[in-house]
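Dear colleague,

I am passing on the structure below, together with some notes on what turned up when it was examined. Please have it open while you read.

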Amino acid sequence: RRDILIQIDVRDRRPIYEQIVERGIELIGCGALKPGERLPPVRQLAAELSINPNTIQKAYSELEKRKITNTAPGRGSFVTENYDMVKEQKVNELELRLAPIVREAKLFHVALDTIVGWCRTEYEKAGESI
């Protein structure tokens with residue numbers, strides 16, 4: 001089993017549990033966590049990150065609430081078998097986040113080709129960091 005890399009950014013204004021949720025979603029999205037795979041136990045991950053186990057539990061509860069994971073009492077939390085649903089949710093969220101940026105750019109008469117160029121540049125940069 002690979003070690004799953006989760007790092008907490010102390011400068012990030014988001015609560016730690018939200019950072020863990022977002023990183024969990026990223027790990028599923030890029031295939032580092034596979035459908036049906038068990039997440040690290042709460043206490044183990046809390047020890048690795050040197051944070052309170054309640055914070056991990058809150059993150060795991062949020063992942064389950066979003067139907068990204070399932071919890072089996074006494075066995076742990078597992079990535080949902082329905083990866084397509086997770087992907088569709090994330091794509092919809094990304095579209096919602098992008099929409100106001102595109103509208104604002106249009107307000108300032110930024111050409112569509114320029115916006116597409118920005119997207120292409122960022123997409124290529126992201127490929128380098130994976």
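The notes below take up a helix, then a hairpin, and then a cavity.

Please bear in mind throughout that this is a predicted model, and that the values given here are computed from it.

I begin with helix α1, which covers residues 16-29. At 1.5 Å a residue, its 14 residues should span 20 Å, and because the C-alpha atoms at its two ends lie 20 Å apart, the expected and the computed span agree. Within α1, the buried residues are Tyr17, Gln19, Ile20, Val21, Glu22, Gly24, Ile25, Leu27 and Ile28, so listed where relative accessible area is under 20%. The partners against which these buried residues of α1 pack are three helices, α2 (42-49), α3 (53-65) and α4 (83-107), together with the strand β2 (76-79). Just after α1 ends, Gly31 adopts a positive phi of about 90°.

The strand β2 also takes part in a hairpin with β1 (residues 69-72), to which it is joined by four bridges, the two strands running antiparallel. Among the bridge partners, Asn70 is matched with Phe78 of β2, while Ala72 is matched with Gly76 of β2. Three residues lie between the strands of this hairpin, where Gly74 takes a positive phi near 80°.

Where, then, is empty space left inside the model? Rolling a probe the size of a water molecule over the atoms shows where such space is left. A search of the whole structure returns one cavity of 30 Å³ or more, and the largest cavity holds about 70 Å³ of space. Eleven residues line the largest cavity, and those nearest its centre are Ile6, Gly24, Leu33, Leu39 and Tyr60; Gly24 is also one of the buried residues of α1. Both α1 and α3 supply at least two residues of this lining, and the largest share, three residues, comes from α1. As for the character of the lining, ten of its residues are nonpolar and one is polar, with no charged residue among them.

With best regards

Methods
Residues are numbered from 1 along each chain as its sequence is written. This is a predicted model: local features need pLDDT of at least 70, side-chain atom pairs count only at pLDDT 80 or more; totals for chains, interfaces and linings use all residues. Side-chain values use heavy atoms; hydrogens and water are left out. The expected span of a helix is 1.5 Å times one less than its number of residues. Buried means under 20% relative accessible area, exposed over 50%, partly exposed in between (1.4 Å probe, protein chains only). Contact means heavy atoms within 4.5 Å. Two strands pair if DSSP finds at least two bridges between them. On a 1 Å grid over the protein atoms alone, a cavity is a set of points where a 1.4 Å probe fits but cannot get out, and a pocket is an open set with protein on both sides within 12 Å along at least five of seven lines; lining residues have an atom within 4 Å of a point. Grid points are joined across faces, edges and corners, and a volume is the space filled by probe spheres set on the points. Ala, Val, Leu, Ile, Met, Phe, Trp, Tyr, Cys and Pro count as nonpolar, Asp, Glu, Lys and Arg as charged, and the others, Gly among them, as polar.
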